[in-house]
Structure formats: structure tokens, C-alpha cells
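New to reading protein models and not sure where to start? Here is a short chat between a learner and a teacher.

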Amino acid sequence: MPGALQRPAVVSRVSDLIGHTPLLELAATETGSRLLLKLEMFNPTGTAKIRMAQQMITDAEARGELRPGGRIIESTSGNTGLGLAVVAAERGYTFTAVVDHHASADKLRAMKAMGTELVYVDDDGGSEELATAAREELAEEMARGQDNTIFTEQHNNPSNGVGYFPVAHELHEALHGRLDVLVGAVGTGGGLCGTARELRTLIPDFTTIGVEPKGSIAFGGPAHDYYQSGTGTPEGAEIGALVDFGLIDEGVKVGDVEAFATCRAVARTGLLIGGSAGGVVHEALTRLAALPPGTTMVALVNDGGEKYLDTVFNDDWMHARELLAPATEREIDELLTKLRRNR
């Protein structure tokens, strides 16, 4: 699992480029505390989720559930599907992604370009509500009884969490064992809880903070719609088996307005981050100054902002949904400016 932080100069498969993602110091305090971003958008497909996509397929092969010429089926809002599309293309599998119209059009086009079959849940195409439960049901039904076919079921697949074990080793090696606070989004639970589980074998004393959108139900209600995609647990969906509350010291909620305002403010530093990453970075930024002197806090940035140019970074889209908040952006701009002077 652990290994050198440098990958070979020449690789033979796209999946060989997974991992070894960089850390960026975004902000620091006068007392020596710092916020580092683990930039998972430097993975192929621009997302952390290719890590667990690869692990789910590798483990299915090892169990004999997936053989040459087989078919992979998964319910996805985009990023998991992109990872599975890469692995399926490399290993000669057919991949069917069960999606809804909430997913980014660019993510859907990218999956299709890599040979993915897209199957939409039965809706009218006009709703922007997440259809997680409906997607899961359809994916399970499509795989049932089919030979050499697996529903990877990311929300309940232990391989999801195992896929993020290397993140823990990368952090341990890069920071020489010095990490005090880990902040990450909670969707399937694999990314944050998988990283935290392995990291606790390497660094016994650190705090884990889970972030979900307001409207998500993993840390309690009330439930309502939200626009942060690929994260949280919407009403009607079960909390994933990989969400291990024993590994999360504190669970918090960040609204769409604050998450997206953070994305837009961070973009003015030269870095584009995804919508749910905005929620994670918002939580990290707002608590940085109150941390004990010399604290090292790492925020897991699961994908980049290039996939959100038509949404989070589109004034018209934001305004139509009453998400545009110039005053909130200014507050975050000012906080960032102040904290970045200390780096």
C-alpha cells in the first residue's frame, strides 16, 4: 500500500497515473497553523473517485465475480462513473452507468466518449432533484441474475473505502507523520472514512471532521434539496454502510450558498475546485484561526472546478437558483487574503 511519492517517469496505462496527488498550502495563521489542500483533481478524470473505482474492479476480479468480457453496472452522479469508465476501457469490460439528469453534462459526455452505456432513470428530464434511490434500484435490477455482470454498489462496497488507503500513506509520507485535523466530504463515506481508518494506523492522534450539504441527512435533518453533487445523503436514500460515525469526530453541514461562494473565491487565487470541495474548504477556512498554534489541517479536495463551469461558475445558473451571494464571496475573499499573507 505505501510507496514512493514519485511515480515512474513513463507509464503504460492511464490508471498508473492514479495517486501521488500534491498538497497545496492555501492559507496559514500568524501562529503557524496551516491549511493544506489534498488536490485529488490531479488524478486521471480529475477526481478522487477513480481510486475506489479501480479498487472495486480489482477486488471483484480477485473474487472471481468479474471475468474477461464481463459487464460493470453502477449508479453514479458522474465522478465514480468516470473512474469506472477508465478501468473498464483498459481491461476490456462493458460499463453501464445508471444516471439521472442532475449529473453534469460534461461528465456524461466524457463517460460516453470512453465507451460507457448511459441509462437514465425514468424521469421527465426537467427535475433537478437527486434520484439516488431510483438509480440504485435500477442498477441492482439490471445486474440481477446476469452472468459475468456486477453491480459495484459503491455506497455499500467495502472496496470503496480500501481504495482510499493510499491517500493515508501519501499524507503520512508527505507530512512526516504530522497531521492534526482531517476535513472531508461525506457522501458514500469511502473517501473520508477510508482515509481516516488507514491513517489511524499511522498517526494515532488527529481529529476527523465530516462535511455534508445542508439538506443531507447523514448528520441529521432537516432534509431538503441541495445542489452540491456527488456528496451527502439525500432524503429517501440510505446512509451508506461506509459512513463510519466512529471514525468521524465531528459532523457539520455547509449550505450551497457558502460552498459555492467559497469555490468562486478560491478561484480568484488561481485554483478551481468542485462544488462539494467548496463546502469542505469553507469549513476548514472558517475554523483555521481558532486552532491551536502550529496545527496542520488537511482538506480533501475531491475534484476540480472545470466540471462546474456551467453551474457553480456560471452567474446565470447561480442567479436562477438564488445561489449567487456577492456579500458571502467578499467575506471569504477577505478571509483568504488575510490568511494567505501568513504563508
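What follows is a tour of a few features, one at a time, in a predicted model.

Q: Let's begin with strands. Which way do β4 and β5 run relative to each other, parallel or antiparallel?

A: Strand β4 covers residues 94–99 and strand β5 covers residues 117–120, and the two run parallel, joined by 4 bridges. To find one spot where they face each other, look for Val99, which stands opposite Tyr120 in β5.

Q: What does the chain pass through on its way from β4 to β5, and is the crossover right-handed or left-handed?

A: The chain goes from β4 through helix α3, residues 105–113, and on to β5. That gives a β-α-β crossover, and this one is right-handed.

Q: Now aromatic rings. What describes a pair of them?

A: Two things: the distance of the centres and the angle of the planes. In this model the count is 3 aromatic pairs. Take Tyr227 and Trp317: their ring centres are 5.6 Å apart and their planes stand at 80°, so this pair is edge-to-face.

Q: Where do Tyr227 and Trp317 sit in the chain?

A: Tyr227 is in the loop between β8 (207–213) and β9 (250–254), while Trp317 is in helix α10, residues 315–320. The pair therefore ties together parts that are 90 residues apart in sequence. As for cover, Tyr227 is partly exposed, with a relative accessible area of 28%, and Trp317 counts as buried at 16%.

Q: Which kind of pair do Phe260 and Trp317 form?

A: A tilted one: 6.5 Å centre to centre, with 55° between the planes. Phe260 lies in helix α8 (residues 256–267) and Trp317 in helix α10, so here the pair ties together parts that are 57 residues apart in sequence. Phe260 and Trp317 are both buried. Put the ring pairs together and you get a cluster of Tyr227, Phe260 and Trp317.

Q: On to the backbone. What is usual for phi and for peptide bonds?

A: Most residues other than glycine have a negative phi, and most peptide bonds are trans. With that in mind, look at the bond between Gly221 and Pro222: it is cis, with omega about 0°. Pro222 is in the loop between β8 and β9, and Tyr227 lies in the loop between β8 and β9 too.

Q: What is the phi of Asn148, and where does Asn148 lie?

A: Asn148 is not a glycine, yet its phi is positive, about 50°. You'll find Asn148 in the loop between α4 (132–143) and β6 (149–151). With a relative accessible area of 13%, Asn148 is buried.

Q: And His176: is it buried or exposed?

A: His176 is exposed, with a relative accessible area of 74%. Its phi is positive as well, near 55°. The residue is in the loop between α6 (165–175) and β7 (181–185).

Q: Let's turn to charges. When can charged side chains pair?

A: Side chains of opposite charge can pair when their charged atoms come close. The count of salt bridges in this model is 21. In one of them, Arg51 meets Glu40 at 2.6 Å, N to O. Arg51 is in helix α1 (residues 50–62) and Glu40 in the loop between β2 (34–39) and α1, so the pair ties together parts 11 residues apart in sequence. Arg51 and Glu40 are both buried.

Q: Which parts of the chain does the salt bridge between Asp147 and Arg67 link?

A: Distant ones, 80 residues apart: Asp147 is in the loop between α4 and β6, and Arg67 in the loop between α1 and β3 (71–75). Their closest N and O atoms are 3.2 Å apart. Asp147 is exposed at 63% relative accessible area, whereas Arg67 counts as partly exposed at 34%.

Q: How far apart are Asp100 and Arg135 in their salt bridge?

A: They meet at 2.7 Å, N to O. Asp100 is in the loop between β4 and α3 and Arg135 in helix α4, 35 residues away along the chain. Asp100 counts as buried at 2% relative accessibility, and Arg135 is buried too, at 4%. Elsewhere, salt bridges that share partners join Arg264, Arg268, Asp315, Glu329 and Asp333 into one network.

Q: Last stop, the surface. Which residues make the nonpolar patch of about 190 Å²?

A: Val11, Val14 and Leu17 make that patch. Leu17 is in the segment before β1 (23–28), and at 34% relative accessibility Leu17 counts as partly exposed.

Note on methods: Residues are numbered from 1 along each chain as its sequence is written. This is a predicted model: local features need pLDDT of at least 70, side-chain atom pairs count only at pLDDT 80 or more; totals for chains, interfaces and linings use all residues. Side-chain values use heavy atoms; hydrogens and water are left out. Patches are made of residues with over 30% relative accessible area and no salt bridge: like charges are joined within 9 Å, nonpolar side chains (Val, Leu, Ile, Met, Phe, Trp, Tyr) within 5 Å. Accessible areas come from the Shrake-Rupley method with a 1.4 Å probe; for residues, only the protein chains shown count as cover. A salt bridge is a side-chain nitrogen of Lys or Arg within 4 Å of a carboxyl oxygen of Asp or Glu. Buried means under 20% relative accessible area, exposed over 50%, partly exposed in between (1.4 Å probe, protein chains only). Two strands pair if DSSP finds at least two bridges between them. A crossover is right-handed if, with the strands pointing away from the viewer, the path from the first strand over the helix to the second runs clockwise. Rings of Phe, Tyr and Trp (its six-membered ring) pair if their centres lie within 6.5 Å; planes under 30 degrees apart count as stacked, over 60 as edge-to-face and the rest as tilted.
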